[in-house]
Amino acid sequence: MNCETVHVALGARSYDVRIGAGLIETAGQQIAPLLARPRVAVITDETVAGLHLERLREALADQGIAMVSLALPAGESTKSWPHFTRAVEWLLSEKIERQDLLIALGGGVIGDLAGFAAAVLRRGIRFVQIPTSLLAQVDSSVGGKTGINAPQGKNLIGAFHQPALVLADVAALATLPPRDFLAGYGEVVKYGLLGDADFFEWLERNAPALVAGGSALRIEAVRRSVRMKADIVARDETEQGERALLNLGHTFCHALEAATGYSDRLLHGEGVAIGCALAFEVSARLGLCAQEDPSRVRQHLRATGAKTDLGDIPGPLPQADTLIDLMAQDKKVVAGTLRFVMAQGIGRAFVTSEVPREVLREVLTDALAARGR
Ligand code: NAD
């Protein structure tokens with residue numbers, strides 16, 4: 001099997017991300033060396049359980065590892081106190097001990113919730129991520145941010161807790177609905193845009209075949225994305241500086257998610273893609289990057305079928321000023337100042353608080369007006 005490994009270098013908290021097609025079938029062999037006793041707990045969602053849980057059970061059983069599992073409802077609303085409480089109490093009722101291992105099998109929702117449960121159970125147990133959505137494979141399963149949503153906002157409750165191993169099986173992506181695949185692709189493009197122009201060019205050449213299902217191309221796209229995230233996380237684990245670059249497009253995305261009520265009118269990765277296009281538009285208006293960069297970004301997103309413009313979001317959106325006010329509620333506000341990730345070109349992002357409100361208003365007003373055309 002073609003398997004790539006990206007090492008996340010974090011001293012005593014270092015771990016490998018293994019990327020390949022068919023990795024779930026090898027999960028028993030990969031996980032056995034981490035176990036103090038041959039028993040694991042798995043948290044997943046009901047959709048993923050129906051598609052992939054039995055394969056995991058068989059792979060573990062092949063190595064004599066017993067598995068207990070909990071399937072939570074699929075969807076963002078699961079990332080909340082009630083489901084979190086249920087998960088933690090289930091782990092206790094299953095007598096999961098300090099030396100035991102928890103497996104998160106699913107998308108970013110399950111990875112975030114199960115990772116947070118692992119962070120607090122008996123003051124912290126180890127966990128393995130088996131991400132099954134593209135977004136989770138390229139982003140949420142790596143880097144140790146875990147948590148749930150609060151009524152006051154997304155991801156406001158959580159902890160940094162690194163996994164002990166990540167197994168990204170690109171074969172699992174075959175069952176992912178196309179819309180979720182393209183949403184995850186928004187995060188892939190983000191990596192090229194923020195720090196690797198060669199990767200962006202590679203995506204421009206290969207995205208059609210990659211979206212259509214090419215396994216080798218998917219492995220390469222996940223590897224390059226994870227490589228970039230791992231390097232940034234290794235230099236800035238708790239986001240004191242450089243890690244903020246990973247938020248390219250996210251300030252716009254969070255405002256749009258809030259404006260659409262965190263509903264399925266806009267998935268997170270879709271908001272990231274639109275947000276990246278807007279960040280390049282603002283950068284061009286500020287004279288930071290070439291005038292043609294924003295259209296190149298949009299052209300690429302369009303060519304893959306990803307959401308690109310505000311016009312791709314169905315239903316009403318608020319005025320520009322309301323969107324800007326929603327941005328100000330972002331977690332990246334420091335001492336009242338909103339920090340943006342802007343770009344000096346494709347692959348050259350940087351963090352700044354110098355983005356005048358008038359320019360934001362101009363870009364958003366134009367983008368909203370274009371919806372009607
Ligand atoms: P998700 O977990 O809700 O998965 C999306 C949908 O795809 C769900 O319905 C799920 O059941 C389904 N699914 C997953 N894998 C599947 C498969 N192989 N086949 C069929 N269906 C499958 O959402 P997501 O897009 O994976 O992740 C979004 C979440 O990740 C958000 O909560 C976001 O805040 C979080 N996130 C966290 C980080 C981090 O660093 N921790 C980074 C980015 C995003």
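The following dialogue treats one helix and the ligand surroundings in a predicted model.

Colleague: What should be known about the model before it is read?

Modeller: In this predicted model, local features need pLDDT of at least 70, side-chain atom pairs count only at pLDDT 80 or more, and totals for chains, interfaces and linings use all residues. Residues are numbered from 1 along each chain as its sequence is written, and side-chain values use heavy atoms, with hydrogens and water left out.

Colleague: Which residues of helix α11 are buried?

Modeller: Helices are DSSP runs of H or I with at least four residues, numbered from the N terminus. Buried means under 20% relative accessible area and exposed over 50%, with partly exposed in between (1.4 Å probe, protein chains only). In α11 (residues 293–304), the buried residues are Asp293, Pro294, Val297, His300, Leu301 and Thr304. Their arc, taken from the directions from the helix axis to the C-beta atoms, is only 135 degrees, so they lie on the same side of α11.

Colleague: What does the face turned away from the buried side of α11 carry?

Modeller: That face carries the exposed residues Gln299 and Ala303.

Colleague: How are polar contacts of the ligand to be read, and which side chains take part?

Modeller: A polar contact is a pair of N or O atoms within 3.5 Å. An oxygen atom of the ligand lies 3.4 Å from an N or O atom in the side chain of Lys154, and an oxygen atom of the ligand lies 3.4 Å from such an atom in the side chain of Asn155.

Colleague: Which element gives the most to the shell around the ligand?

Modeller: That element is α2, with four residues.

Key: Helices (H or I, at least four residues) and strands (E, at least two) are DSSP runs, numbered from the N terminus. The expected span of a helix is 1.5 Å times one less than its number of residues. A polar contact is a pair of N or O atoms within 3.5 Å; within protein, one must be able to donate a hydrogen and the other to accept it, and residues adjacent in sequence count only if both atoms are side-chain atoms.
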